[in-house]
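User: Please take a close look at one part of this model, the strand pairing in chain B. Then work outward from there to the rest.

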Amino acid sequence: MLKRTDYLTKNYGKPDGWKLAAYEAAGGYRSARKALGMSKDAVIDEAKKAHVRGRGGAGFDCGVKWSFMPKESTKPHYLVINADEGEPGTFKDRTIMEQNPHSLIEGCIIGCYAIGAHACYIYVRDELHLSKERLWGAIAEAKAKGHLGARPFGKDYAVEIYVHTGAGAYICGEETALLNSLEGRRGEPRLKPPFPAQYGAFGCPSTVNNVETIAIMPTVFEIGGDAFSKLSELHGINDGGCRLFGVSGHVKNPGIFEAAVGLTLRELIFDLGGGVLDDRAIIGVIPGGSSCPIHKPDEIVDVAGDPRFEPYNGKSVLDLPLGVDTFRGIGSMLGTACAIVLSDAADPVLAYHNVMRFYRHESCGQCTPCREGMGWIERILDKIVAGTGTIEELDQLSDIANSVMGNTICAFGEGAAQPALAFVRRYRKELEDYVHNGGKNQTGTLTT
Amino acid sequence: MPTFKLDEREIPFEKGETIIQAAHRAGIDIPHYCWHPGLSVAANCRMCLVEIEPPPGRPAMMLDVLEWDADAQDYVPQKKPKLQPACQFQAGEGMVVHSEGSKNVKEARRAVQEMLLLNHPVDCPICDQAGECRLQDYWLEHQGSKKRMKDEPVHKPKAVVFGPTIVYDAERCIVCTRCIRFCDEVAGDSVLDLRERGNLNEVVLAPGRELDHDYTLMTEYVCPVGALTAVDFRFKARVWFLRSARTVCVGCATGCNAFLDFDPRDQKVYRHRPRENPDVNKYWMCDEGMLSYSRVHENRVLRAEIDGQTIEFERGLKKAAKLFKSADPDRTAIVLSAQHSNEDNFAMLVLARDYIGSGNVFVNGRPGGDSDEILRDADKNPNARGVVGLCTSAPPAPFKELATALAAGKFTHVLALGSDASDPDEVAAFEDCENLVLLTSHRGPLAAHADALLPACTWAEADGTFVNRTGIAQESERAIFPHGDSLPAWKLIAAFGRALGHSFGWTKLRHVRAAMAPDPGAEVAADAEAQSGAPA
């Protein structure tokens with residue numbers, strides 16, 4: 001159900017909307033002030049009530065994650081913000097950093113307090129120059145006002161925030177690779193366990209949160225955790241509040257839209273995205289970043305034996321509310337809730353090739369299945385697209401992806417194997433057309 | 001001890017141990033490339049994946065995969081369990097682990113093996129690793145199928161000179177990072193790292209550096225494939241023609257356990273490499289020690305020599321003995337060697353004490369050198385402690401005192417084991433020694449002043465016991481047969497004793513050892529055989 005909200009986006013597009021004055025005029029920094037007057041446990045409890053599922057793609061409950069931090073510790077704690085937004089099709093976090101940076105700064109103060117950290121690192125993707133500039137500006141403004149530093153709001157709880165420029169690799173968005181990169185090491189995922197809550201940044205207990213997850217926290221404390229959660233149609237299955245939805249690809253009005261959780265793909269594409277370009281038919285939708293499986297519009301939700309799915313069974317996947325567990329339940333993934341739409345003007349084989357080329361390029365190469373598997377898949381698709389592939393090689397695609405799935409150090413393996421399997425499963429006929437006819441029955445283009 | 005089940009076998013483990021560690025100790029090899037018992041866990045090769053049953057009442061973590069049904073011409077969704085790397089996963093009480101017994105594990109290992117060979121040049125005929133390469137072994141054990149990728153593999157730098165000792169081939173490299181971790185964690189010199197990413201990864205040197213620390217050959221030794229090759233061994237031998245003797249390194253007082261690889265056909269030694277011993281050298285050896293084998297074939301004394309002239313052995317022995325026939329025991333010096341085994345030195349002591357009747361016992365050896373906190377000892381002799389232990393009545397006097405005594409004209413006769421000089425500055429004192437007989441394997445600094453040289457075996461040509469710096473007595477096995485006319489030193493000493501007219505009955509090493517038995521020289525009787533293990 002479409003229910004627009006504007007907690008994060010109310011100042012988007014306004015002149016100087018990213019500045020402290022605009023943020024405070026809209027009630028900013030009251031939540032951090034309030035949170036710093038509460039006990040840490042109460043802050044975590046409030047966050048838990050909000051059921052903010054991690055907005056970076058994994059969908060882990062933020063309050064629960066905070067509660068994993070050790071209560072007693074001889075080492076300093078760190079809050080690390082993952083602002084290395086690099087998932088193809090995902091461009092929501094940069095809008096926050098560019099247009100509402102103070103929400104992130106305020107959220108960081110709350111988050112630091114909740115997990116017992118006095119320092120927060122925001123690891124920003126290098127290419128996001130405006131984001132870094134706006135964050136630096138916001139930090140300076142907040143410090144000048146006394147919201148940040150030795151005594152935020154006069155409270156005896158020091159918080160410092162540092163913006164760290166990323167070193168340019170998709171894998172650095174994986175939280176432990178990010179920590180390595182932050183420490184000046186090669187950006188490769190770490191083995192888990194130990195998890196960051198035990199052994200994170202600089203070997204100290206750390207929590208890594210996505211930008212949007214933290215930026216929404218001031219709203220949670222403004223309206224209360226429970227009230228926030230109830231904004232969502234999926235409040236009953238612990239997927240609370242509102243979030244930023246994105247839509248790109250072949251829609252008339254691509255962009256980032258804030259709405260309550262419960263929105264469907266159809267609403268996102270047609271009501272917010274303005275419908276498909278040239279009013280063409282949809283041949284596929286990737287729900288939330290290229291790591292998620294692509295879906296065809298004629299796919300029907302059919303999850304037996306799970307009462308949560310009773311309202312949706314029999315409906316098109318486009319009418320399933322975009323939630324962490326709803327999409328997980330149908331064997332898909334919500335990811336970052338930034339959908340990519342392919343109209344029938346697009347060639348799914350070329351889209352497949354494009355996605356897999358990305359994963360070959362970005363595999364860090366640390367572990368064997370991903371390092372070699374991605375290269376192999378790309379190579380086969382290179383040949384198929386060039387019209388020199390064989391059916392034998394086409395058959396190998398699922399085999400290779402199966403061998404990558406679950407066998408790697410980090411979730412990149414699944415994130416790459418999922419689209420590899422989803423495309424080949426849904427567009428086998430089109431792939432075969434390339435093998436047999438050089439793709440002459442396909443559109444041969446990715447644009448309309 | 002708690003246990004877990006691995007393919008129906010109960011495996012005991014210590015708390016904190018990983019599955020692979022416990023299995024390794026129980027003698028079960030879970031296939032692996034990147035794991036090394038002496039290095040940190042990298043879990044990057046994914047060869048050791050195992051299937052672990054979830055705790056009772058908990059569902060297994062399943063993953064969605066696809067199978068192509070050629071008959072139906074459609075994909076069939078399937079589930080497979082999430083596997084775990086045995087090198088990383090800690091063993092737990094009652095855990096049920098499937099390795100060889102799981103079809104999922106078999107398939108995962110097959111896939112990893114296929115992927116590791118995907119861009120590998122498969123240039124086994126010209127690769128030094130051939131015959132002891134994990135890629136070869138595991139292809140047979142875990143893959144056994146043809147290569148499906150028919151295209152040109154990825155090309156990367158080849159024959160990259162990393163330093164004076166090591167050459168790197170990035171195409172053969174499986175990026176297991178063992179060499180990097182060895183440099184970081186054991187050698188303490190972070191000179192290697194990775195560059196690039198994905199299937200373009202390669203190991204590189206730190207900018208402005210060479211691989212030139214004191215343990216560079218270990219990087220080659222820990223490399224499970226042919227990516228790193230040793231300049232010293234490149235293109236010299238096929239490993240399947242080599243045999244290995246379980247030796248003790250004689251490069252310094254540490255006494256690293258080693259394998260001495262030799263070719264029985266030409267009786268040449270080709271390589272010296274570490275043999276696992278947790279009490280001495282763990283899994284490692286230094287470059288100096290690994291290259292010390294070359295001395296077996298260098299600068300040898302292989303024939304008897306009298307006054308610088310080569311002579312038939314028996315005649316040489318007689319002539320040398322003749323020099324000592326009328327020697328005054330009080331003016332005769334006996335020189336033991338810290339380079340030689342307990343057996344050799346014991347024979348020398350018996351000759352001095354029981355037959356010649358001289359109590360003027362000195363000890364010689366190679367001069368001291370560099371040391372570190374890892375393995376290398378400043379004492380470059382393997383048996384200094386053993387020699388001292390054998391001299392129960394009085395400790396042997398140092399080489400320098402012998403030189404002083406010679407300069408003062410105190411000795412007319414010197415019978416020495418070896419031709420080294422612990423103090424090279426004092427060699428001149430031997431110039432005027434009237435009767436200097438050396439039983440020596442090498443042409444050391446004293447050889448030039450000798451009146452007689454009798455050829456002794458190196459440690460590679462004889463069995464012997466060496467007592468290391470911590471007092472551990474370790475046996476070193478003979479690798480090759482004695483070269484030239486050389487004899488094991490104890491045998492040569494016995495022969496010299498007989499030539500002097502004494503009734504030296506020893507003809508076998510066990511005779512010497514039986515005579516030594518009550519001697520407290522060796523504090524710990526270490527069983528070298530029990531310490532031998534397959535390379536990790």
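Analyst: Val363(B) has Pro398(B), a residue of E20(B), as its bridge partner. This is a predicted model, and the pairing is read from its atoms. The two strands concerned are E19(B), residues 361–364, and E20(B). They run parallel, and 2 bridges join them.

Now place that pair in its sheet. The sheet is open and has 8 strands. The order in chain B is E17-E16-E23-E22-E21-E18-E19-E20, with mixed pairing. E20(B), residues 397–398, is an edge strand and pairs on one side only. The other edge strand is E17(B), residues 309–311, which also pairs on one side only.

Next, the domains. The assignment for chain B gives domain 1 as residues 3–143 and domain 2 as residues 304–531. The centres of these two domains of chain B, taken over C-alpha atoms, are 53 Å apart.

A second strand pair is found at E1(B), residues 3–6, and E2(B), residues 9–12. These two run antiparallel, joined by 4 bridges. Within the pair, Arg9(B) of E2(B) stands opposite Leu6(B). E1(B) and E2(B) make a hairpin, with 2 residues between the strands. Asp7(B) sits in that turn and has a positive phi of about 45 degrees.

Another positive phi occurs at Phe235(B), about 60 degrees, although this residue is not a glycine. Phe235(B) is in a loop of chain B. The strand E12(B), residues 228–230, and the strand E13(B), residues 243–248, flank that loop.

Now the partner chain. In contact are 46 residues of chain B and 47 residues of chain A. About 3,700 Å² is buried between the two chains. Carbon and sulfur atoms give 49% of that area. On the side of chain B, the residues that lose the most area to chain A are Tyr75(B), Met115(B) and Arg197(B). Together these three account for 20% of what that side buries.

What about charge and polarity? There are 3 salt bridges between chain B and chain A. One salt bridge joins the side chains of Arg148(B) and Asp399(A), at 2.9 Å from N to O. Polar contact links 25 residue pairs across this interface, with both residues at pLDDT 80 or more.

Which elements of chain B give two or more residues to the side that touches chain A? They are strand E4(B), residues 62–69, strand E5(B), residues 74–81, helix H2(B), residues 103–116, and strand E10(B), residues 192–195. H2(B) gives the largest share, 8 residues. By class, this side of chain B has 25 nonpolar, 7 polar and 14 charged residues.

Finally, two peptide bonds in chain A. The bond between Lys192(A) and Pro193(A) is cis, with omega about -5 degrees. The bond from Pro193(A) to Pro194(A) is also cis, with omega near 5 degrees. Pro193(A) is in the loop between helix H8(A), residues 175–182, and strand E4(A), residues 206–210. Pro194(A) lies in the loop between H8 and E4 of chain A too.

Notes. Residues numbered from 1 in each chain as written. Chains lettered and ligands numbered in written order. Predicted model: local features only at pLDDT ≥ 70, side-chain atom pairs only at ≥ 80, totals over all residues. Heavy atoms only, no water. Contact = heavy atoms within 4.5 Å. Buried area = accessible area lost by both parts, 1.4 Å probe. Salt bridge = Lys/Arg side-chain N within 4 Å of Asp/Glu carboxyl O. Polar contact = N/O pair within 3.5 Å; in protein donor to acceptor, adjacent residues only side chain to side chain. Nonpolar A, V, L, I, M, F, W, Y, C, P; charged D, E, K, R; others polar. Domains from an automatic or database assignment. Pairing = 2+ DSSP bridges.
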